[in-house]
Amino acid sequence: MEALMAAYGDDSASSSDSNSDPSLSTSATISLPPPPLDLLNPRNSLGYHVQKGQGSRVRSFPHVEGNYALHVYIPVCVPPSSKKEVAQFIKRVATLVPGLHLVDTDMPLDVLCKEEQKLEHALGRTFHISLGRTVPIRVHQIDSIVSMFRKKLLSKRRYLMDFRKWEVFVNDEGTRTFLSMEITSAGLAEIRKQINVVNEIYRLHSLPEFYKDPRPHISLSWAVGDVSHLLRQAIQDVSRTNGTLSCKNIFSSTFNGIECKIGNKIYEICKASGTS
């Protein structure tokens with residue numbers, strides 16, 4: 001948390017604070033990079049999310065010596081042309097629903113939202129469409145799983161993914177609620193086929209499969225507890241204010257490949273080739 005605060009600055013800090021960095025003040029004109037990934041994904045974190053109606057990464061499993069957290073996913077970046085609009089939407093939702101945080105971090109949105117530029121830069125990180133549950137595996141399973149992923153998911157062609165819907169998901173325990181963008185048209189069939197392949201490999205390794213009716217999405221922010229009613233109402237209110245945002249494509253992204261993260265190591269599974 002302190003590292004992220006340092007990366008973006010905290011406007012609530014007094015100007016007399018000896019730890020403040022004047023280069024991150026509101027008058028600064030420099031361009032801030034996206035937050036370092038090691039700050040956004042704590043090294044010792046083995047937590048994962050299991051959200052109702054789909055499978056994405058926040059039910060924590062305890063660390064066991066020799067176990068590694070496996071997560072297979074499609075990396076997604078919000079295109080530069082859409083960051084401002086997405087940031088404005090999230091900012092308005094955050095004013096209606098207190099306690100929202102940037103996904104996978106403890107960074108409160110009310111800190112990022114004090115300057116729109118900070119939030120836009122935070123949206124410059126890579127988000128994930130999960131293709132399987134995040135589960136613990138044993139060290140001797142790593143080579144077999146990665147090898148099968150690469151064999152079964154090889155030579156995938158590019159396709160378009162349309163994020164058309166703001167949606168709310170709650171984890172199974174009701175301990176966290178997520179503001180997400182869901183794929184409901186272009187890309188949905190292709191992603192579900194990839195999920196089926198991952199399920200097949202999971203079965204061979206006695207790992208729990210994905211939900212039967214997966215809903216591919218990326219999550220952008222989270223809140224403690226089940227605040228789904230508040231978030232859904234906020235989405236409706238902001239969408240009405242924006243007029244057309246809720247009934248048009250939020251943004252499109254091209255499928256470029258699949259990765260999996262095992263422990264702290266990222267494996268490239270496949271790169272897309274050809275045209276969509």
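Which residues of helix 6 (residues 142-152) are buried? The legends below start with that close-up and then move on to others, all drawn from a predicted model.

**View 1. Helix 6 and its buried face.** Here we're looking at Ile142, Ile145, Val146 and Phe149, which are buried in helix 6. Looking down the helix axis, these buried residues sit within an arc of 95°, so they line one face of the helix. Swing round to the other side of helix 6 and you meet Asp143 and Lys151, which are exposed. What do the buried residues of helix 6 pack against? Their partners are strand 3 (67-76), strand 6 (135-138), helix 7, strand 11 (257-262) and strand 12 (265-271).

**View 2. Gln194 in helix 7.** Helix 7 turned up as a packing partner in the view above, and this one picks out a polar residue from it. Gln194 belongs to helix 7, which covers residues 188-204. Is Gln194 buried or exposed? With a relative accessible area of 3%, Gln194 falls under the 20% cut-off, so it counts as buried. Setting aside neighbours within four places in sequence, the residues in contact with Gln194 are Ile74, Leu131, Leu153, Lys156, Tyr159, Phe255 and Ile258. Take Ile74 from that list: it is 120 residues away from Gln194 along the chain, yet the two C-alpha atoms are separated by 10.0 Å.

**View 3. The annotated histidines, His128 and His217.** The "active site" label on this pair comes from UniProt, in an unreviewed entry, and it covers His128 and His217. The two span 90 residues in sequence, but their C-alpha atoms are no more than 7.8 Å apart, so they gather at one spot. His128 sits in strand 5 (residues 127-130), while His217 is in strand 9 (residues 217-224). His128 is buried at 14% relative accessibility, and His217 is buried too, at 3%. Which backbone oxygen does the side chain of His217 reach? That of Arg215, at 2.8 Å.

**View 4. His101 and Val111.** This close-up frames another histidine along with a valine from helix 4. His101 is part of strand 4 (residues 101-102), and with a relative accessible area of 16% it is buried. Beyond its neighbours within four places in sequence, His101 is in contact with Asp106, Met107, Pro108, Leu109, Leu220, Ser221 and Trp222. Val111 is in helix 4 (residues 109-112) and is buried as well, at 9% relative accessibility. From His101 to Val111 it's 10 residues in sequence and 9.3 Å in space, going C-alpha to C-alpha.

**View 5. Helix 3, end to end.** How far apart are the end C-alpha atoms of helix 3 (residues 80-96)? They're 26 Å apart, and since 17 residues at 1.5 Å a residue should span 24 Å, the two values agree. The buried residues along helix 3 are Ser82, Lys83, Val86, Ala87, Phe89, Ile90, Val93 and Ala94. Zoom in on Ser82, a member of helix 3, and you find it buried at 9% relative accessibility. Leaving out residues up to four places away in sequence, Ser82 touches Ile250 and Phe251.

**View 6. Ser206 in its loop.** This serine sits in the loop between helix 7 and strand 9. What is odd about the backbone of Ser206? Its phi is positive, at about 55°, although Ser206 is not a glycine. Is Ser206 buried or exposed? At 69% relative accessibility, Ser206 is over the 50% cut-off and so counts as exposed.

**View 7. Cys77 and Cys260.** The last view turns to two cysteines. A disulfide is a covalent bond between the sulfur atoms of two cysteines. How many disulfides does a search of the whole structure find? Zero. As for surroundings, Cys77 is partly exposed, with 41% relative accessibility, whereas Cys260 is buried, with a relative accessible area of 0%.

Technical notes. Residues are numbered from 1 along each chain as its sequence is written. This is a predicted model: local features need pLDDT of at least 70, side-chain atom pairs count only at pLDDT 80 or more; totals for chains, interfaces and linings use all residues. Side-chain values use heavy atoms; hydrogens and water are left out. Helices (H or I, at least four residues) and strands (E, at least two) are DSSP runs, numbered from the N terminus. Buried means under 20% relative accessible area, exposed over 50%, partly exposed in between (1.4 Å probe, protein chains only). Contact means heavy atoms within 4.5 Å. UniProt positions are given in the numbering used here, feature names are shortened, and annotations may be inferred rather than shown by experiment. A polar contact is a pair of N or O atoms within 3.5 Å; within protein, one must be able to donate a hydrogen and the other to accept it, and residues adjacent in sequence count only if both atoms are side-chain atoms. A disulfide is a pair of cysteine sulfur atoms within 2.5 Å. The arc is that of the directions from the helix axis to the C-beta atoms. The expected span of a helix is 1.5 Å times one less than its number of residues.
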